[in-house]
Amino acid sequence: MSNEAFKTALSRLAAGVVLVTAQEPPLDPDDPLAPAGEDVGMTATAFVSVSLDPPLVLVSLREGSRMDDLLDEQPRWAVSVLTESQRHIAGRFAMKGRISDRLLFEDIPYVRGEASGAPLVGGALATLECRTEQRIAAGDHTLVIGRVLTAELPSAEGGPLMYFRGRYRQLG
């Protein structure tokens, strides 16, 4: 089986789109006046619920990506479930060779999660704050299982942003 055949077959599976976010640890954790680390974000479609008791979710990260490296050292992170009107956010954080994450967050409304310190996108259908429970190497990806610390529903407006056949889509 070719990589292309595998990718094409799985592109037929519709997936919800989320923004995974985390804040880098401070440059000097022992100095309370040291500058905070930069916010980092990544669009993901490989995100699923794993367990209700305890509440666990799983996100798949490309091995060696900035988010994979960050979540290896930063155990707290967040997920914003994007709405169909937030396609621009998904595209912005998915592009290769992009500008710095600081600039990507510049005009996006967000609040900082109390449990994770990570950005939670304003107007998202749902937001979750998580703590890494387990990391599993899986081929060219790392599966990160997180315990959900908080779950909020900031918006009931609009439908979910979906990814199908290589494009962002809306339900209906």
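1. Which residue is the bridge partner of valine 18 in S6? That partner is valine 81. The two strands involved, S2 and S6, pair in the antiparallel sense over four bridges; strands count as paired if DSSP finds at least two bridges between them. Helices and strands here are DSSP runs, numbered from the N terminus (helices H or I, at least four residues; strands E, at least two).

2. Before going on, a word on what we're looking at. This is a predicted model, in which local features need pLDDT of at least 70 and side-chain atom pairs count only at pLDDT 80 or more, while totals for chains, interfaces and linings use all residues. Residues are numbered from 1 along each chain as its sequence is written, and side-chain values use heavy atoms, with hydrogens and water left out.

3. Back to S6, which also pairs with S9: six bridges join them, and they run antiparallel. Valine 79 has leucine 128 as its bridge partner in S9.

4. Now have a look at helix H2, residues 66-73. Met67, Asp68, Leu70 and Leu71 are buried there, where buried means under 20% relative accessible area, exposed over 50%, and partly exposed in between (1.4 Å probe, protein chains only). Seen down the axis of H2, these buried residues fall within an arc of 165 degrees, so they line one face of the helix; the arc is that of the directions from the helix axis to the C-beta atoms. Asp72 and Glu73, on the other side of H2, are exposed.

5. What do the buried residues of H2 pack against? They pack against strands S2 (18-23), S3 (39-44), S5 (56-62), S6 (76-81), S9 (126-138) and S10 (141-152), with contact meaning heavy atoms within 4.5 Å.

6. On to the salt bridges, each a side-chain nitrogen of Lys or Arg within 4 Å of a carboxyl oxygen of Asp or Glu. The count comes to eight salt bridges. Aspartate 68 of H2 forms one with arginine 135, the closest N and O atoms being 2.6 Å apart. This pair links distant parts of the chain, with arginine 135 in strand S9, 67 residues apart from aspartate 68. Aspartate 68 is buried at 4% relative accessibility, whereas arginine 135 is partly exposed at 29%.

7. H2 has another salt bridge to check: arginine 66 pairs with glutamate 38, with 3.1 Å between the closest N and O atoms. Glutamate 38 sits in the loop between S2 and S3, 28 residues apart from arginine 66 in helix H2. Both are partly exposed, glutamate 38 with a relative accessible area of 24% and arginine 66 with 36%. Glu24 joins in as well: Glu24, Glu38 and Arg66 are linked in a network of salt bridges.

8. Between S9 and S10, the side chains of glutamate 133 and arginine 147 meet in a salt bridge (3.2 Å, N to O). Glutamate 133 is in strand S9 and arginine 147 in strand S10, 14 residues apart. Glutamate 133 is partly exposed at 39%, and arginine 147 is also partly exposed, at 26%.

9. Finally, there's an open sheet of three strands in the order S1-S11-S12, with antiparallel pairing. S1 (15-16) and S12 (167-170) are the edge strands, each pairing on one side only. Four bridges join S11 (residues 161-164) to S12, and tyrosine 163 has tyrosine 168 as its bridge partner in S12. Helix H3 (residues 87-94) lies across S11 and S12, running at about 165 degrees to S12; axes are lines fitted to C-alpha atoms, for helices over the stretch in contact, and angles run from 0 to 180 degrees between N-to-C directions.
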